[in-house]
Amino acid sequence: MFEILDAQLNRQKADGLQRVLKTVSSPCGPELVVDGKPLLAFASNDYLGLAAHPALTEALVRGAQQYGVGSGASHLVSGHYLVHAKLEQRLGSMLSGSIPNARALYFCDGYLANLGVLSGMASLVLKSQCTIFSESLNHASLIDGARLARVETLIYPHNDYAALERQLQASRSKLKLVVTDGVFSMDGDLAPLKQILALCQQYQAWLIVDDAHGFGVLGEDGAGILQQLGLRSSQLIYIGTLGKAAGVSGAFVCADPRVIEWLLQRARTYVYATASAPALAQALLASLDIINGEEGRALRAKLNHLIAMWRTGIRLQRWQLPDSPTAIQPLIIGSNREALRVGQRLRELGLWLPVIRPPTVPEGSARLRISLSAAHTEEQVQRLIDVIAQLESETAHD
Ligand SMILES: *Cc1c(COP(=O)(O)O)cnc(C)c1O
């Protein structure tokens, strides 16, 4: 038994694919203490700097004083508290500009929400009558959701809505589910949702959008990619996560009330999971107050300013900077080894950037995944620009 384990673990290491945990002992923010050492981080998804915001911390404490620390049961048994209901109402009204009569359902996290929504929606008809149309760069949780649904799944190439149209046109399925990330998590680009939604309307398909990296940062009120693109339809099923820009944890699905009613009956990751602590919902209400208000607007403006500063400031010879308008700014290096070496050099110079390798990204496209936050300063972004330029010329001479 252990021989197999040892051999596989060694192979992982030999291929430069071993993943290693690093332990943080400071609050989430640009300046972290990592394994005892101070580092300037461009690593988290805390795009607005809310994860350690005093107003959220205070709300969490207040929530714990009111409700304690555990929910005690799943939502449908006895774990659904007034503050959960308030949070769902608030999220529903945030999305009501994009989905008529939007209602929201709060899940423990985005992975569970995606599993529950895909398998739950697919269970509306016989397995042979449902097809999932899945974008090739979708997040692992959507891929696993499609697997759990156990229906025919067709993959369409990244952003290729002409290919999607051919697949929709050829399909005889009664229930069609088109599934895509809103903002692609390793590339930072936006899905062409306007065109995709038009296809879904033409071919009577549901459009399921996972906006893990758009909720809170995109759109006038931070309501996400649908608001940013001005889309509105009852055929939209929106999934937002609450552990990234919203700074806490959890996720929600927002859709027509009948869709939500069905998921409440049939999304197994909702029905059979203990509800997350009510105090977290209290912290999330404080987060949404910020996101929807003046402070949120100012934070999004600051973030966009830093994104523009990075993109105009960086000059590269060999590495590539794909066209991303969001806080996710990948820097494609290519080989696993060079990417790891660069990651190591960055840490020696006091910076922490995650190195992303296959299978998370395609073979030969190992990269640094830089994520910017409104909590960064201009000086910190300038330091990033300077260090990256230095390392690129340094490794060219190796
Ligand atoms: C992070 C992420 C998820 C998972 O959400 P969690 O709340 O972290 O479980 C789902 N989809 C995408 C695109 C993500 O980036």
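This tour moves through a predicted model, one selection at a time.

**The ligand and its surroundings**

Begin by selecting the ligand and the residues around it. The ligand is surrounded by 13 residues, and the closest are Gly110, Tyr111, Asp210, His213 and Lys244. Helix α5, which spans residues 110-122, gives the largest share of this shell, 3 residues.

Next, display the polar contacts of the ligand. A polar backbone atom of tyrosine 111 is 2.9 Å from an oxygen atom of the ligand. At aspartate 210, an N or O atom of the side chain is 2.5 Å from a nitrogen atom of the ligand. Histidine 213 has a polar side-chain atom 2.6 Å from a ligand oxygen atom. On its own the ligand has 380 Å² of accessible area, of which the protein covers 83%.

**Glycine 182**

Keep aspartate 210 in view and select glycine 182, which is found in the loop between β6 (175-181) and α8 (193-202). Although these two residues are 28 residues apart along the chain, their C-alpha atoms are separated by 5.6 Å. Glycine 182 counts as buried because its relative accessibility is 0%. Setting aside residues up to four places away in sequence, glycine 182 touches Asp189, Leu190, Ala191, Val209, Asp210, Asp211 and Ile225.

**Threonine 269**

Now select helix α11 (residues 268-271), where threonine 269 is found. With a relative accessibility of 16%, threonine 269 counts as buried, because the cut-off for that class is under 20%. A polar atom of the threonine 269 side chain lies 2.7 Å from the backbone oxygen of leucine 112. Not counting residues up to four places away in sequence, threonine 269 touches Phe107, Leu112, Leu115 and Gly116.

**The nonpolar cores**

Turn next to the interior. In soluble globular proteins, nonpolar side chains tend to be buried together. The largest nonpolar core here has 83 residues, and Val178, Trp310 and Ile388 touch the most other members. Helix α12 (residues 278-292) contributes the largest share of this core, 7 residues. A second, separate core has 29 residues, including Val117, Ile132, Ile237 and Ile260.

Centre the view on tryptophan 310. Residues up to four places away in sequence aside, its contacts are Leu321, Gln329, Leu331, Ile370, Leu372, Val381, Leu384, Ile385 and Ile388.

**Strand β10**

From Gln329 and Leu331, extend the selection to strand β10 (residues 328-334). Is this strand enclosed or open? Since 7 of the 7 residues of β10 are buried, the strand is largely enclosed by the rest of the structure. In a regular strand the side chains alternate between the two faces of the sheet. In β10, Ile328, Pro330, Ile332 and Gly334 point one way, while Gln329, Leu331 and Ile333 point the other way.

Add strand β13 (residues 366-371), which runs antiparallel to β10 and is joined to it by 6 bridges. Within this pair, arginine 369 of β13 stands opposite proline 330.

**A three-stranded sheet**

For the last stop, select β1, β2 and β11. These 3 strands form an open sheet in the order β1-β2-β11, with mixed pairing. β1 (31-34) and β11 (351-352) stand at the edges with a single partner strand each, so one side of each is left without a neighbour in the sheet. β1 and β2 (residues 37-41) run antiparallel and are joined by 4 bridges. To see one such pairing, pick valine 33, whose bridge partner in β2 is proline 38.

How values were computed
Residues are numbered from 1 along each chain as its sequence is written. This is a predicted model: local features need pLDDT of at least 70, side-chain atom pairs count only at pLDDT 80 or more; totals for chains, interfaces and linings use all residues. Side-chain values use heavy atoms; hydrogens and water are left out. A nonpolar core is a set of buried Ala, Val, Leu, Ile, Met, Phe, Trp, Tyr and Cys residues joined through side-chain atoms within 4.5 Å. Buried means under 20% relative accessible area, exposed over 50%, partly exposed in between (1.4 Å probe, protein chains only). Helices (H or I, at least four residues) and strands (E, at least two) are DSSP runs, numbered from the N terminus. Contact means heavy atoms within 4.5 Å. Two strands pair if DSSP finds at least two bridges between them. A residue is near a molecule or strand if one of its heavy atoms lies within 4 Å of it. A polar contact is a pair of N or O atoms within 3.5 Å; within protein, one must be able to donate a hydrogen and the other to accept it, and residues adjacent in sequence count only if both atoms are side-chain atoms. Accessible areas come from the Shrake-Rupley method with a 1.4 Å probe; for residues, only the protein chains shown count as cover.
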